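Dear colleague,

I am handing over the structure that we discussed, with the sequence alongside. Could you look through it with the notes that follow open beside you?

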Amino acid sequence: MTDGPTYGFDTLQIHAGSRPDPATGARQTPIYQTTAYVFRDAEHAAALFNLQEVGYIYSRLTNPTVAVLQERIATLEGGAGAVCCSSGHAAQIMALFPLMTPGKNVVVSTRLYGGTITQFSQTIKRFGWSATFVDFDDLDAVKAAIDDDTRAVFCESIANPGGYITDLKAIAKIADKAGLPLIVDNTGATPYLCRPIEHGATLVVHSTTKYLTGTGTVTGGCVVDSGTFDWSASDKFPSLSAPEPAYHGLKFHETFGPLAFTFHGIAVGLRDLGMTMNPQGAHYTLIGMETLSLRMERHVQNATELAEWLEKHPAVEAVTYAGLKSSPYFKRVKSICPRGAGALFTVALKGGYDGCIKFVNALEIFSHVANLGDARSLVIHSASTTHRQLTPEQQTAAGAAPNVVRLSIGIEDVEDLKTDLDRALAASM
Ligand SMILES: *Cc1c(COP(=O)(O)O)cnc(C)c1O
């Protein structure tokens, strides 16, 4: 379809990036299950390898099915381009890779997906990178954490596990003043609820494994570039602004302008790190995204109703949902994610640790799994699973205290979910 800034979200989630297959007329995007593409002739091959012509070489770099998904996510996020990869965690490395070198750091929020905390506090050290963890509600602390070696600022829009909402506008202002890109993990919100680029983000990362696919079938990730950051304004980002030896001294920013980050992600990131999304995976995510807005509306509707009901339940001590009037983040919902606070929150049970175990075991519709953002309702007792290696103090700091369960509210009949929760809550006492 032609570029249409006039088209609405519901139209774009079905059509952006796709067109009838030129060879067959197939209306749904075909799964291009091929590793390689025949060059027209030797000159065509040389032009592709020199990045003088855009086209398909090898599916570690680009694939037509994956390309449709990249364009669709970029369009919904309001970005210039996107690179899909094998998982959300791969997307985080792909986002940092062009920005960082040994000795450099990224300033990150303390409220992050558990796996991201491990990736940033442990694994990236092996690349010589480091992360400085700060409370992103303390804007002075964020400013103070930025030093000469900082190359990016990172947070989640709606953060795991408590559904905390980051003041993206305030954080973007701080990053901008320091001449740094703000990277926002928008997995918990999706572009239907929050568009971080409109609040000043430079890059948006996704675990497409979650709401974008929405069916709990495939892992995937994506990095979207706003195309607005001036990589040449300082000498901090030589991968994008300085000559690239592997491409005869080509300068990505000078050559590709707003697509510099996207081209670098494909021509260097995917080429050398190989964290590629496969076309089957892209197919499942494309199918899922066709109903994204409908699902997110229902996710939010069910989450709001259940959070309000749970807050008053005699077996419940507290509920963290930002869509509740009692939440300290209730005001932020309107400015950051006006269509709702998502469908992820934690519930503290009066029954304590043992009560949580009984609660999880008694649920029937809710599945006890280490996942979120599925059409199905999911639950996890973090203290006995993902966070079981931590001390009770560390668990509490991470929002995973021994008496806390995390719910990912699905799109089933809300009355059935209520019945299921009610029965399990009775068992928890
Ligand atoms: C799941 C998740 C990730 C990691 O994504 P994977 O696809 O599992 O690698 C990162 N951030 C958030 C917010 C997530 O929910």
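In this predicted model, five strands form an open sheet in the order β10-β11-β14-β13-β12, and the pairing within that sheet is mixed. Its edges are formed by β10, residues 316–319, and β12, residues 367–368, each of which pairs on one side only.

Within this sheet, β14 is the strand I would look at with some care, since several of the findings concern it. Strand β13 (residues 378–380) is joined to β14 (residues 404–408) by 3 bridges, and the two strands run antiparallel; in that pairing Ile-380 has Arg-406 of β14 as its bridge partner. β11 also pairs with β14 in the antiparallel sense, here over 5 bridges, and Ala-348 stands opposite Val-404 in β14. The strand is mostly covered, with 5 of its 5 residues buried. In a regular strand, side chains alternate between the two faces of the sheet. For β14, both faces are covered, as Val-404, Arg-406 and Ser-408 are buried on one side, and Val-405 and Leu-407 are buried on the other. Helix α15, residues 352–362, lies across β11 (344–349), β12, β13 and β14, and runs at about 30 degrees to β14.

The other sheet to examine is also open, with 7 strands in the order β1-β9-β8-β7-β4-β2-β3 and, again, mixed pairing. Because β1 (81–85) and β3 (130–134) stand at the edges with a single partner strand each, one side of each is left without a neighbour in the sheet. From one strand to the next, the twist averages 20 degrees.

Following the pairing through this sheet, strand β2 (residues 105–109) and strand β4 (residues 150–156) pair in the parallel sense over 4 bridges, with Val-106 standing opposite Ala-152 in β4. Two helices should be considered together with these strands. Helix α4 packs on the sheet, where it touches β1, β2, β4, β7 (182–185), β8 (203–207) and β9 (221–225), and its direction makes about 160 degrees with that of β8. Helix α11, residues 260–273, likewise packs on the sheet and touches β1, β8 and β9, its direction making about 25 degrees with that of β1.

β7 has pairing on record with two strands: β4 and β7 run parallel and are joined by 4 bridges, while β7 and β8 pair in the parallel sense over 3 bridges. Ile-183 of β7 appears in both pairings, as Phe-154 stands opposite Ile-183 and Leu-203 in β8 is the bridge partner of Ile-183. Leu-182 and Val-184 point one way from β7, whereas Ile-183 and Asp-185 point the other way, and all of these residues are buried.

To return to α4, which spans residues 88–96, this helix is mostly covered, with 8 of its 9 residues buried. The buried residues are Gly-88, Ala-90, Ala-91, Gln-92, Ile-93, Met-94, Ala-95 and Leu-96. The N-terminal end of α4 is capped by Ser-87, which has a side-chain oxygen 3.4 Å from the backbone nitrogen of His-89.

This helix also leads to the ligand, since the largest share of the shell around the ligand, 3 residues, comes from α4. Which residues come nearest to the ligand? Of the 14 residues around the ligand, these are Gly-88, Asp-185, Ser-207, Thr-209 and Lys-210. For Thr-209, an N or O atom in the side chain is 2.7 Å from an oxygen atom of the ligand, and the side chain of Lys-210 likewise has an N or O atom 2.7 Å from a ligand oxygen. The side chain of Ser-87, the residue that caps α4, places an N or O atom 3.5 Å from an oxygen atom of the ligand. Taken alone, the ligand exposes 380 Å², and the protein buries 91% of that area.

With best regards

How values were computed:
Residues are numbered from 1 along each chain as its sequence is written. This is a predicted model: local features need pLDDT of at least 70, side-chain atom pairs count only at pLDDT 80 or more; totals for chains, interfaces and linings use all residues. Side-chain values use heavy atoms; hydrogens and water are left out. Two strands pair if DSSP finds at least two bridges between them. Contact means heavy atoms within 4.5 Å. Axes are lines fitted to C-alpha atoms, for helices over the stretch in contact, and angles run from 0 to 180 degrees between N-to-C directions. Buried means under 20% relative accessible area, exposed over 50%, partly exposed in between (1.4 Å probe, protein chains only). A polar contact is a pair of N or O atoms within 3.5 Å; within protein, one must be able to donate a hydrogen and the other to accept it, and residues adjacent in sequence count only if both atoms are side-chain atoms. A residue is near a molecule or strand if one of its heavy atoms lies within 4 Å of it. Accessible areas come from the Shrake-Rupley method with a 1.4 Å probe; for residues, only the protein chains shown count as cover.
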